[in-house]
Structures are given as C-alpha cells and as structure tokens.
Amino acid sequence: MKTKFTLAFFFLTLAAFPDNPPPPPFGPPTDDPALVPIDEWIPWLLGIVVVAAFIYFKYLKSNAPNNRNKNTDFMKLKIRFLRPLFIFVLGLLLHTVTWAQIKNYGNLYIHDQTVFYVASDVYDFAATAVTQTSRDTMYGKLAFGAAATASAASNTHYVDGYVSTFATTAFIAPVGAGGIYAPARIVPSASSGVDVAYVRSSGSALGTAIDLSSLAQVSDTEYWIVKGASSTLSLSWRASSALTSMLLTPSINYITLVGYNGSQWVLIPSTVDTTSFLGGASSVTAGSITSDPKVNLAGFTAFALGAKKELPCY
C-alpha cells in the first residue's frame with residue numbers, strides 16, 4: 001500500500017506542473033529579452049496547491065498525533081513527511097530535464113514582438129512541421145541561448161522568419177523560405193544577440209546600384225538580413241541559388257559576399273570555404289563562403305552572394 005501511494009505521489013508531482021519553465025528567477029534570466037509573462041505563474045501555483053493538498057490529507061491529517069503519546073507520534077509524523085518531500089523534490093528535478101529540449105511536430109507561429117526562447121540543449125525540427133515568424137520591422141523570433149543549438153532543419157522544416165542567437169561561438173541559423181533551407185553561420189563578437197532571416201527573392205528590391213569597381217553581379221535569387229553585434233558571417237548556397245548563371249567564368253574563385261550599405265551593393269572581403277559548414281566540398285552548385293574580417297552588421301541592410309569583377313588579361 002505504501003508503495004502504491006509513493007508511486008501515485010511521484011506521478012502526481014510530474015503531472016501537476018506544466019512543461020514550460022517557471023518565470024524568473026527560476027526560468028530565463030531577468031536580463032534576457034525573453035522573459036516569461038507573469039501569468040505563467042498560475043499553473044505553477046496550482047501545481048503547488050494540488051501537491052500540498054495531497055501531502056496534507058494523506059500524510060499529515062490522517063496521521064495527526066493523538067493525546068496519548070504526542071512526542072512519539074510527532075516523530076513518526078516527521079519521518080513520514082520526509083518521504084513525500086523527497087519524492088516532491090525528485091519529481092521537480094526530473095521535470096526540469098524536459099525544459100531544455102524541444103521537438104516541434106506542429107505549426108509554431110511566433111507573433112510580432114514575441115520571443116520563443118530556447119535556453120539550452122536542442123530545438124529539433126520534425127520533418128513536416130512549421131516554425132514561422134513575420135519579417136516585419138517588429139518581428140518575433142526563435143531565440144537560442146548561448147548553450148542552445150538547432151537540429152534536423154531541412155527543406156521541409158526550417159525557421160521561415162527570424163532566428164536569434166546570444167552565443168559568441170559559431171552558430172548555424174536554421175533559416176529558409178519557399179521550401180528552401182538556406183542557413184547562415186555567424187560567430188558574434190558579443191553576447192548581445194544577432195538576428196538572422198532569409199528572403200527568397202531578389203535583393204534588387206532594396207536597391208539595384210552595384211559597386212562596379214569590384215563587382216560584376218549580385219544574386220537575384222536570395223538574400224539574408226543579419227542584425228546585431230559584429231560577427232564573422234558565412235552564407236551558404238545550393239543548386240537553387242543558380243550561381244552558374246551569375247558567374248561569367250564558372251569558378252568558385254569569383255564568388256564573394258556582398259552587402260547592401262543603403263546606397264549600393266558592395267564587396268565584402270571573403271573566402272570560399274574549402275569544406276562547407278554544412279559538410280562536403282564547396283563547388284559552384286553547393287558550398288559556403290566566410291567573411292575574412294568580422295563584419296560590422298550595423299553598416300548593412302542585407303547580405304547576398306555576388307560575383308567578383310573579372311580582371312582584364314592584359
């Protein structure tokens with residue numbers, strides 16, 4: 001009978017509390033932009049009430065000391081109370097294990113001015129789900145803490161909108177659009193945050209002027225918006241990027257990073273990665289390229305792939 005009540009109490013503890021983390025100070029840190037709303041306390045308070053009521057009626061009220069031997073009965077009561085207290089704490093600790101890892105099997109839309117924050121571990125992209133934000137000026141975003149990563153992003157599931165990271169180490173932003181997974185890799189210089197979004201359309205909507213002293217052409221297929229702390233920036237390409245139609249000479253040596261500075265597209269010193277950050281050797285049809293210095297992101301509205309101007313042979 002004791003074993004049955006013990007197991008019942010253990011599973012009650014697991015079931016009584018919500019899967020999402022509690023508000024600060026137990027959830028995301030208060031200096032982080034991804035604060036949990038105060039109304040998130042309600043399910044936690046209800047869980048505490050349910051468990052406290054179970055302890056009272058099962059372990060306290062039914063075992064209250066009688067008048068014949070109060071001291072002995074009270075000692076027994078304290079010993080009896082230690083067991084549910086231990087199980088309660090153990091249940092909460094096991095509950096926290098699920099906070100860090102998320103697998104999205106459904107449709108997650110992050111509303112404008114809202115942050116869905118992954119503090120640590122992994123956000124896993126199920127094959128046929130949707131994770132989406134707007135690309136408006138007041139966009140929402142899927143934010144990753146310094147200890148968090150993304151996994152299993154693909155052409156069927158990526159973030160269609162904005163991703164943010166607070167890391168200062170290499171982070172692959174799992175962005176895409178229009179059935180195309182088009183990640184960017186960033187190595188921020190500070191933990192103040194970097195936001196990334198992918199746009200599957202021509203950057204000419206931002207501006208058509210090109211610095212012809214160093215560039216021959218800018219991709220009319222795709223571009224990325226990257227905002228925040230200065231970062232080493234890497235962009236990827238794939239067959240759908242159609243770089244062969246942009247290059248006068250079909251060689252990866254002519255591929256370069258470009259940025260729109262508000263008035264024209266300009267070359268950003270960069271080097272094609274021998275091995276793409278997504279794996280495999282870089283070629284004209286698939287690969288990645290990385291900026292040589294850290295890029296002052298504040299100086300650019302968007303980033304894209306371009307073709308260097310070919311030097312004359314004389």
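Me: Strands are DSSP runs of E, at least two residues long, numbered from the N terminus. With that in hand, where is Ala242 found?

Reply: Ala242 is in the loop between strand 15 and strand 16 (255-260). Please keep in mind that this is a predicted model.

Me: Why is Ala242 called partly exposed?

Reply: Its relative accessibility is 30%. Buried means under 20% and exposed means over 50%, with partly exposed in between, so Ala242 at 30% counts as partly exposed.

Me: What is notable about the phi of Ala242?

Reply: The phi of Ala242 is near 55°, a positive value in a residue other than glycine. Gln113 also has a positive phi, about 60°, although Gln113 is not a glycine.

Me: Where does Gln113 lie, and why is Gln113 put in its accessibility class?

Reply: Gln113 lies in the loop between strand 2 (107-110) and strand 3 (115-125). Its relative accessible area is 62%. The cut-off for exposed is over 50%, so Gln113 is exposed.

Me: Strand 2 also belongs to a sheet. What is the strand order there, and is the pairing parallel or antiparallel?

Reply: The order is 2-4-6 in an open sheet of 3 strands, and the pairing is parallel. Strand 2 and strand 6 (159-160) stand at the edges with a single partner strand each, so one side of each has no neighbour in the sheet.

Me: What makes strand 4 and strand 6 a pair?

Reply: Strand 4 (residues 130-133) and strand 6 are joined in the parallel sense by 2 bridges. Pairing takes at least two bridges, so 2 bridges meet the requirement. Thr131 stands opposite Val159 in strand 6.

Me: Which strands make up the open sheet of 5 strands?

Reply: Its order is 8-11-15-19-18, with antiparallel pairing. Strand 8 (171-173) and strand 18 (270-272) are at the edges, each with a single partner strand, so one side of each is left without a neighbour in the sheet. From one strand to the next, the twist averages 25°.

Me: How many bridges does strand 11 form with strand 8, and how many with strand 15?

Reply: Strand 8 and strand 11 (residues 184-188) pair antiparallel over 3 bridges, and Ile172 has Arg185 as its bridge partner in strand 11. Strand 11 and strand 15 run antiparallel and are joined by 5 bridges; Pro188 has Ser231 as its bridge partner in strand 15. Pairing needs at least two bridges, so the 3 bridges to strand 8 qualify, and so do the 5 bridges to strand 15.

Me: What pattern do the side chains of strand 11 show?

Reply: In a regular strand the side chains alternate between the two faces of the sheet. Along strand 11, Ala184, Ile186 and Pro188 point to one face and are buried, while Arg185 and Val187 point to the other face and are not buried.

Me: Why does Thr232 fall in its accessibility class?

Reply: Thr232, found in strand 15 (residues 231-237), has a relative accessibility of 19%. Buried means under 20%, so Thr232 counts as buried. Leaving out residues up to four places away in sequence, Thr232 touches Arg185, Ile186, Val187, Thr290, Ser291 and Lys294.

Me: What makes the link between the side chains of Thr232 and Lys294 a polar contact?

Reply: The distance is 3.4 Å. The limit for a suitable pair of N or O atoms is 3.5 Å, so a pair at 3.4 Å is inside the limit.

Me: Which residues have the most contacts inside the largest nonpolar core?

Reply: They are Trp224, Val226 and Leu305, in a core of 43 residues. Among the residues Val226 touches are Ile186, Val194, Leu233, Leu297 and Phe303. A second, separate core has 13 residues, including Ala197, Val258, Tyr260 and Ala304.

Me: What do the totals say about the protein chain?

Reply: The chain has 3 helices and 20 strands, and 43% of its 314 residues count as buried. Carbon and sulfur atoms hold 62% of an accessible surface of about 15,900 Å².

Conventions:
Residues numbered from 1 in each chain as written. Predicted model: local features only at pLDDT ≥ 70, side-chain atom pairs only at ≥ 80, totals over all residues. Heavy atoms only, no water. Helix = DSSP H or I, 4+ residues; strand = E, 2+ residues; numbered from the N terminus. Axes fitted to C-alpha atoms, helices over the stretch in contact; angles between N-to-C directions. Buried < 20%, exposed > 50% of the residue type's maximum accessible area, 1.4 Å probe, protein only. Polar contact = N/O pair within 3.5 Å; in protein donor to acceptor, adjacent residues only side chain to side chain. Contact = heavy atoms within 4.5 Å. Areas by Shrake-Rupley, 256 points an atom, 1.4 Å probe, with all protein chains shown as cover. Core = buried A, V, L, I, M, F, W, Y, C linked by side-chain atoms within 4.5 Å.
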